[in-house]
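Open the model in your viewer and keep the selection tool ready. Each stop below tells you what to select and what is there.

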Amino acid sequence: MHNGDQTLEKTFPCDTCGEAFSQQSHLKVHIRVHNGERPFDCDTCGKAFKFQSGLNRHEMIHLGEKPFVCETCGLSFCRRISLREHTRVHTGEKPFVCDTCGKAFSLRGNLNKHHLVHTGEKPFACETCGRAFSQRSGLQSHIRIHTGEKPFVCQTCGQAFSHSNRLSTHKRVHTGEKPFVCAICGEGFSHQKGLNIHDRIHTGKKPCVCDTCGKAFKFHSQLNIHYRIHTGEKPFVCETCGRAFARRYNLVEHKRVHTGEKPFVCDTCGKAFATHTCIRRHDRVHTGETPFVCETCGKAFSQRDDLQTHIRVHTGEKPFVCKTCGRAYSHRSSLKKHTKVHTGGLSRQELIHTVDEKPFVCEICGEAIACQSELYRHIEGHMGVTP
């Protein structure tokens with residue numbers, strides 16, 4: 001002690017952190033910071049505190065006492081520090097600044113949480129699966145995956161959720177609120193994710209990529225349907241004939257084969273069609289539109305199928321192969337006509353004009369014959385058989 005009532009000498013140092021105190025009782029209180037001791041228990045709820053002052057402030061919660069009132073909005077608080085922190089809502093004051101990035105916060109606790117973004121520290125680990133989190137709240141939300149707990153309940157319909165933000169989003173189903181609005185077309189959405197997905201319509205962005213063939217899609221639902229091309233899955237089955245389809249709308253269109261329904265009617269001529277695709281193709285008969293253009297010669301077609309057939313003129317592709325003799329054709333109609341050579345379906349007049357269609361060869365003299373019946377008669381000529 002210096003001069004009686006002057007500053008007391010700090011002769012009681014903390015062995016853990018080195019901080020010194022003038023009285024041993026103060027040191028004992030300080031040591032609780034390190035050992036976690038909480039000797040002051042709430043008689044009402046059992047919550048424990050390190051210091052008597054902490055218990056005193058806590059007891060106000062049970063008493064309902066809130067002596068600290070905001071002069072701006074009238075909101076009251078149990079603790080003076082809570083009022084001081086609340087006041088910053090009105091003043092906009094953010095006194096706690098991050099030394100790394102300069103971002104400012106109104107609460108020291110929020111700054112401390114923010115620091116973990118830069119350090120990468122994740123001190124809160126799940127005891128079940130080991131996954132770590134930077135925030136205690138993140139761990140608490142994660143634990144509900146294992147427990148199945150859903151404490152946030154919608155008061156309108158009773159549906160429960162594991163996270164409060166999911167309940168907030170769900171409530172918009174009942175209120176019709178759509179706060180997320182597209183800046184381009186003005187369409188509103190109840191949640192940000194819906195707006196983000198919608199934006200792809202305008203940007204053309206296709207983030208959903210097939211692992212098998214690399215084809216990209218705007219929406220994940222489109223990718224899931226596309227996968228069925230590779231897996232061969234066809235979950236939509238016609239109850240009438242048993243034919244299966246990869247897409248639901250293909251089944252809906254197919255059912256019209258059985259019902260005879262043709263809901264798509266041409267405004268120009270009144271002709272009706274079973275599918276929207278068919279009427280769209282038909283419309284070009286009236287408009288003369290030819291949107292499918294050959295990149296090689298510039299010839300345009302009204303139907304995509306006609307363009308694909310035409311392209312074979314340039315590529316020489318002949319995908320239609322005769323199962324009898326192996327001869328290949330670029331057009332299905334040509335193969336169909338050729339098949340009659342084997343079946344005898346061509347008239348003699350047609351055979352005269354089909355001079356290059358002679359798939360049957362005589363093993364005696366090597367002469368090529370147009371049809372099988374002619375080959376038989378030809379062979380009989382070698383054998384001296386007369387009709």
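In which helix is the place of H142? Select residues 136-147: this is helix α5, and H142 sits in it. Keep in mind throughout that the model is predicted.

**Stop one: H142**

Is H142 buried or exposed? H142 counts as buried, because its relative accessibility is 8% and the cut-off for buried is under 20%. Now show what surrounds H142. Setting aside residues up to four places away in sequence, H142 touches C126, C129, R131 and F133.

**Stop two: R200**

Move on to helix α7, residues 192-203, and pick out R200. R200 is buried, yet R200 has no salt bridge. Which side chain of opposite charge is nearest to R200? Select D199: the distance is 8.3 Å. A salt bridge here needs a nitrogen of Lys or Arg within 4 Å of a carboxyl oxygen, so that pair does not count. Next, display the contacts of R200. Apart from neighbours within four places in sequence, they are K205, P207, C208, K218 and F219.

**Stop three: K215**

Go to the loop between β15 (208-209) and β16 (216-217), where K215 is placed. K215 is partly exposed, because its relative accessible area is 47%. Draw a line from its C-alpha atom to that of H226. The two residues are eleven apart along the chain, and the C-alpha atoms are separated by 9.0 Å. H226 is also one of the contacts of K215. With neighbours within four places in sequence left aside, the others are C208, V209 and C210.

**Stop four: the salt bridges**

Side chains of opposite charge can pair when their charged atoms come close. How many salt bridges does the count come to? The count comes to two.

Select E93 and R88 for one of them. Their closest N and O atoms are 4.0 Å apart. E93 is partly exposed, at 41% relative accessibility. R88 counts as buried, at 13%.

Then select R256 and E261, whose side chains also meet in a salt bridge. The N to O distance is 3.9 Å. R256 counts as buried, at 15% relative accessibility. E261 is partly exposed, with a relative accessible area of 43%.

**Stop five: the largest pocket**

Select R38, K47, A48, F49, K50, F51, S53, G54, R57, H58, I61 and R79. These residues line the largest pocket, which holds about 260 Å³ of space. Colour β4 (48-49) and α2 (52-63): each supplies at least two residues of that lining. Which element gives the largest share? It is α2, with five residues. Colour the lining by class as well: four residues are nonpolar, three are polar and five are charged.

**Stop six: the second largest pocket**

Finish with T277, R280, R281, R284, F292, Q303, R304, D305 and Q308, the lining of the second largest pocket. Two elements give two or more residues to this lining, α10 (276-287) and α11 (304-315). The largest share, four residues, comes from α10. The volume of the second largest pocket is about 160 Å³. By class, its lining has one nonpolar, three polar and five charged residues.

Methods. Residues are numbered from 1 along each chain as its sequence is written. This is a predicted model: local features need pLDDT of at least 70, side-chain atom pairs count only at pLDDT 80 or more; totals for chains, interfaces and linings use all residues. Side-chain values use heavy atoms; hydrogens and water are left out. On a 1 Å grid over the protein atoms alone, a cavity is a set of points where a 1.4 Å probe fits but cannot get out, and a pocket is an open set with protein on both sides within 12 Å along at least five of seven lines; lining residues have an atom within 4 Å of a point. Grid points are joined across faces, edges and corners, and a volume is the space filled by probe spheres set on the points. Ala, Val, Leu, Ile, Met, Phe, Trp, Tyr, Cys and Pro count as nonpolar, Asp, Glu, Lys and Arg as charged, and the others, Gly among them, as polar. Buried means under 20% relative accessible area, exposed over 50%, partly exposed in between (1.4 Å probe, protein chains only). Contact means heavy atoms within 4.5 Å. Lys and Arg count as positive and Asp and Glu as negative; His and the chain ends are not counted.
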